[in-house]
Each structure stands twice: as structure tokens, then as C-alpha cells.
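Welcome! Please take a moment to look over the sequence and the structure, and then work through the exercises below at your own pace.

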Amino acid sequence: MATILPSPPKIGMVSLGCPKNLVDSERILTKLRSDGYALSADYAGADVVLVNTCGFLDSAKEESLDAIGEAIAENGRVIVTGCMGKEAEMIRAKFPDVLAVTGAHQYEEVVGAVHDAAPIPANAFLNLVPESGLKLTPRHYSYLKISEGCNHRCSFCIIPSLRGDLVSRRPDAILREAEKLVAAGTRELLVISQDTSAYGVDIRHAPRAWQGREVRAHMTDLARELGSLGAWVRLHYVYPYPHVDQVIPLMAQGLVTPYLDIPFQHASRPVLRAMKRPANEARVLERIRSWREICPDIAIRSTFVVGFPGETEDDFACLMGWLEEAQLDRVGAFRFEPVAGAAANALPDPVPEAVKEERYARLMALTARISADKLARKIGRTLPVIIDLVDTGSGGATGRSQADAPEIDGEVHLRDAGHLAPGDIVQVTIEDADEHDLFGAPAV
């Protein structure tokens with residue numbers, strides 16, 4: 001007689017915010033799937049819907065609240081987690097029907113709330129989960145979170161109050177996870193945290209045994225070991241501490257992808273001091289020049305805030321001049337937006353919205369010109385490209401060079417590439433470029 005298994009409860013997930021939140025969502029889903037839960041792609045099929053919220057900006061909070069409201073309207077059985085878990089009372093006041101509210105990276109509490117809301121049938125026993133866990137990204141690239149929290153107290157940021165101080169993972173645990181991801185098909189590891197450069201400070205860079213040798217909980221050691229796994233290793237959210245210089249030779253050797261994501265935020269010393277950020281822009285320019293001498297292909301991406309309280313036209317001119325000299329490869333910018341609980345809200349001399357918009361437009365025009373010039377110099381070169389999408393009908397494909405992180409940077413558009421597959425890393429001859437993207441074909 002055939003054994004008929006009961007249908008396990010189904011979980012829906014709405015994941016908002018940054019890649020760090022995405023990793024949290026992956027971990028939560030992996031644990032729930034291993035516990036026997038099934039997943040639902042829509043509200044209608046879910047027994048419980050999880051909403052992983054972002055609370056970094058007021059606009060992000062509004063998006064999170066809208067998502068909670070939509071999930072309640074469409075399903076009715078909702079558990080809220082993530083950064084806005086710090087505001088549980090407000091969420092419960094606005095949405096009294098939510099089943100539970102938990103904070104950021106409180107995995108056990110989230111899973112426990114799901115078990116309470118939708119218990120697994122007592123005889124469910126088929127729990128099939130890939131070794132690498134469940135992923136919300138394509139198979140060929142994976143985010144690898146190395147720590148939680150942050151020890152900085154930037155005046156515009158409330159991350160420490162949302163996620164706490166720095167808590168680093170053990171290096172052996174990170175490497176074990178990375179090894180499983182690569183074995184499962186990951187070709188690109190995107191290393192993320194709130195402050196990648198500070199990795200291991202809280203545990204005094206304590207070494208752990210890995211593959212018969214000791215590996216320190218240190219950014220340089222971790223990057224070197226990750227580079228030995230055979231995947232691209234891309235470093236995000238790197239503060240320019242002195243030891244970052246030690247990673248550049250690893251890029252020149254091909255162990256680490258020649259790419260640094262460094263949130264400089266500004267260049268004017270008065271503004272940086274008001275932001276409570278390091279204020280030595282001249283020294284940073286010297287180091288960037290040194291990095292390029294060691295690894296000429298290094299791509300540097302950064303983000304900047306315009307219209308910070310007290311920012312004068314001279315301050316903005318300083319930033320524009322710094323950008324002209326730095327010649328960064330990828331730049332994002334944000335107009336200053338007050339965040340509830342941030343110290344910057346109390347600073348004097350707010351910048352009018354019209355001035356913010358005008359400065360933002362000028363900065364983006366400058367960085368677009370710099371990007372176009374730098375990309376034009378790649379025409380005629382042959383570069384490694386990782387394939388993200390293939391259109392077999394047209395024979396085209398879309399990928400990224402080593403200078404491009406997924407979703408935030410540019411792309412490489414290929415012709416005569418219908419034979420490729422997502423995750424392939426191929427040599428591409430660059431034939432054309434615009435302000436953000438490259439165009440070419442697989443090298444013969």
C-alpha cells in the first residue's frame with residue numbers, strides 16, 4: 001500500500017532592502033525548507049507570508065509598510081522581520097493582525113514564529129534541501145555575508161541601532177559555506193557586510209583551522225582563501241583602512257576580482273567631519289593611484305551623499321574636483337534624506353531641496369562623462385565576462401565584466417552568443433561602449 005504524505009504548510013516571502021537582507025531571507029528559507037515547509041510563489045498559496053523589511057531610509061520604511069499592508073490584504077497571515085523589527089509597537093499599532101514581529105538577523109525567532117503559526121504535520125518526513133541552501137539569486141552568483149552590525153556611528157546612519165555592533169562570523173564557517181556554494185555552481189562570490197574591512201576586529205582576528213592550516217578572521221586572509229576556491233571574489237562595503245592595501249596584490253595575482261566597493265560618501269573635510277567619517281581625501285587619492293599602479297584594471301565603485309546639512313557650494317565644488325581627479329569607475333549618489341533617529345537630523349543649515357536636485361544632476365552628469373570615457377578606452381580589448389542571461393532566439397546574451405557587480409553596475413551586451421549559458425565565464429572582444437555598458441562578441 002502506498003504511503004500518502006500530507007502536504008506541508010507553504011511559506012511566502014517578500015524580501016526588501018539590501019543584499020544583506022537578501023542573505024537573511026535565504027537563511028530563513030533554507031532553515032524552513034529543511035524543517036519540511038514548502039514554498040509558495042504567490043500570496044494565495046501561502047499558509048504564512050514573511051515580510052523581511054528595510055528601515056534604513058524613510059522611503060524604505062514606507063515601502064516596507066506598504067508591503068506588510070499588501071501581504072495582510074492578500075493573505076492575512078503575516079510575520080514581519082528585518083530592520084523594522086525595532087519598531088514592533090508601531091507595526092502592531094498599524095497592523096494589529098500581524099502574527100509576529102522579529103528583528104534583523106533573528107533567525108531562530110522567525111523560524112519559531114512560523115512553527116507556531118503553521119505547524120508541520122507530525123508525520124512529514126521528506127525534507128530535501130540543497131547543501132548550499134535555498135537561494136534568491138541566480139545559481140551562478142551568491143552573496144556571502146561575513147559579519148553583522150557595525151561599530152561606526154555615522155551621523156546619517158541608524159544601522160547600528162537596527163543591527164547592533166559588529167559581530168563577525170568564524171572564518172572556517174564562512175569558507176565552509178563558500179565551498180558549498182562553489183560546489184553547487186556558484187561562479188561569483190559577492191562578499192558583503194556593513195563594514196567588510198572591519199571583519200574580525202570584534203573577535204581579535206582569532207584564527208581557525210581550515211583545510212589543515214590556520215586562517216585568521218581578517219579581511220586579507222579571508223580574501224586569499226576565498227580566491228583559492230576558483231570563483232570570482234567581489235568585495236563590497238570596504239572602508240579604506242590601511243590594511244586594504246594588502247588586498248590589491250591579491251587582485252593583481254588574479255585571486256580576487258579587481259573591484260572595490262568603497263562608500264566614500266563625500267570629499268569635503270567639513271562635511272565628512274559632520275558625517276563623522278574619516279576626513280583625509282588627499283591621502284585617499286594617493287592610495288587610489290598606488291592601487292592602480294599595482295593593479296591597473298582595478299575598478300572602484302563608490303556612493304556619495306549630496307545636500308548633507310551644512311554642505312556649501314564650496315564643499316560641493318570640492319567633491320566635484322575630487323571626483324574629477326579620482327576618476328572612479330562606478331558612482332552612485334543619493335540626495336540627503338533625514339532618517340528617523342539619525343543624529344544628522346539635528347544639524348543646522350539644511351540644504352534646500354531644489355539645491356539638492358541641482359547638485360545631484362551636476363554630479364551624475366560628471367560621473368557619467370567619466371564613466372563613458374573610461375569605458376570607451378576598453379574598446380578593442382578582450383575581457384572576461386560572466387554570463388547572466390541568454391536569448392537563444394536572437395542569439396544575444398547579457399553579462400558583466402569584472403568591473404560590474406550585479407544589479408548596481410553596468411552590463412556587457414553580446415551578439416553571436418546564443419550558444420552560451422548563464423554562469424559561463426568567457427573572453428569577450430569589446431566593440432563599443434556608452435555611458436554605462438559595453439558591447440561586444442565572444443572572442444574567436
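**Exercise 1. Describe how the residues of S3 point and how well they are covered.**

Step 1. Val 48, Leu 50 and Asn 52 point one way from S3, while Val 49, Val 51 and Thr 53 point the other way, and all are buried. Buried means under 20% relative accessible area, exposed means over 50%, and partly exposed lies in between (1.4 Å probe, protein chains only).

Step 2. S3 is therefore mostly covered by this definition, with six of its six residues buried. Helices (H or I, at least four residues) and strands (E, at least two) are DSSP runs, numbered from the N terminus.

Before going on, a word on the model. It is predicted, so local features need pLDDT of at least 70 and side-chain atom pairs count only at pLDDT 80 or more, whereas totals for chains, interfaces and linings use all residues. Residues are numbered from 1 along each chain as its sequence is written, and side-chain values use heavy atoms, leaving out hydrogens and water.

**Exercise 2. Place S3 in its sheet and find what packs there.**

Step 1. Start with the strand order: an open sheet of five strands runs S2-S1-S3-S4-S5, with parallel pairing. Two strands pair if DSSP finds at least two bridges between them.

Step 2. Look at the edges. Strand S2 (38-39) and strand S5 (100-101) each have a single partner strand, so one side of each is left without a neighbour in the sheet.

Step 3. Follow the pairing of S3. Strand S3 (residues 48-53) is joined by five bridges to strand S4 (residues 78-82), and the two run parallel. Val 49 has Val 78 as its bridge partner in S4.

Step 4. Add the helices. Helix H1 (residues 19-34) packs on the sheet and touches strand S1 (10-15), S2, S3 and S4, with its direction at about 175° to that of S1. Helix H2 (residues 58-74) also packs on the sheet, touching S1, S3 and S4, and its direction makes about 175° with that of S3. Axes are lines fitted to C-alpha atoms, for helices over the stretch in contact, and angles run from 0 to 180 degrees between N-to-C directions.

Step 5. Turn to S1. Five bridges join S1 to S3, and these strands run parallel. Ser 15 stands opposite Asn 52 in S3.

**Exercise 3. Which residues does Arg 92 touch, not counting residues up to four places away in sequence?**

Step 1. Arg 92 belongs to helix H3 (residues 88-94). Its relative accessible area is 39%, so Arg 92 is partly exposed.

Step 2. Beyond those sequence neighbours, Arg 92 touches Val 98, Leu 99, Ala 100 and Val 101. Contact means heavy atoms within 4.5 Å.

Step 3. The C-alpha atoms of Arg 92 and Val 80 are separated by 9.9 Å, and the two residues are 12 residues apart along the chain.

**Exercise 4. Examine helix H12 and the residue Ile 370.**

Step 1. Helix H12 (residues 353-376) has 24 residues and reaches 34 Å from its first C-alpha to its last, close to the 34 Å expected at 1.5 Å a residue. The expected span is 1.5 Å times one less than the number of residues.

Step 2. Among the buried residues of H12 are Tyr 360, Leu 363, Leu 366 and Ile 370. Ile 370 counts as buried because its relative accessibility is 3%.

Step 3. Leaving aside neighbours within four places in sequence, Ile 370 is in contact with Leu 323, Glu 324, Gln 327 and Leu 328.

**Exercise 5. How many cavities of 30 Å³ or more are there, and what lines the largest cavity?**

Step 1. The count comes to two cavities of 30 Å³ or more. On a 1 Å grid over the protein atoms alone, a cavity is a set of points where a 1.4 Å probe fits but cannot get out; lining residues have an atom within 4 Å of a point.

Step 2. The largest cavity has a volume of about 50 Å³. Grid points are joined across faces, edges and corners, and a volume is the space filled by probe spheres set on the points.

Step 3. The largest cavity is lined by Asp 329, Arg 330, Ser 371, Lys 374, Leu 375, Lys 378 and Ala 403. H12 gives the largest share of this lining, three residues.

How values were computed:
On a 1 Å grid over the protein atoms alone, a cavity is a set of points where a 1.4 Å probe fits but cannot get out, and a pocket is an open set with protein on both sides within 12 Å along at least five of seven lines; lining residues have an atom within 4 Å of a point.
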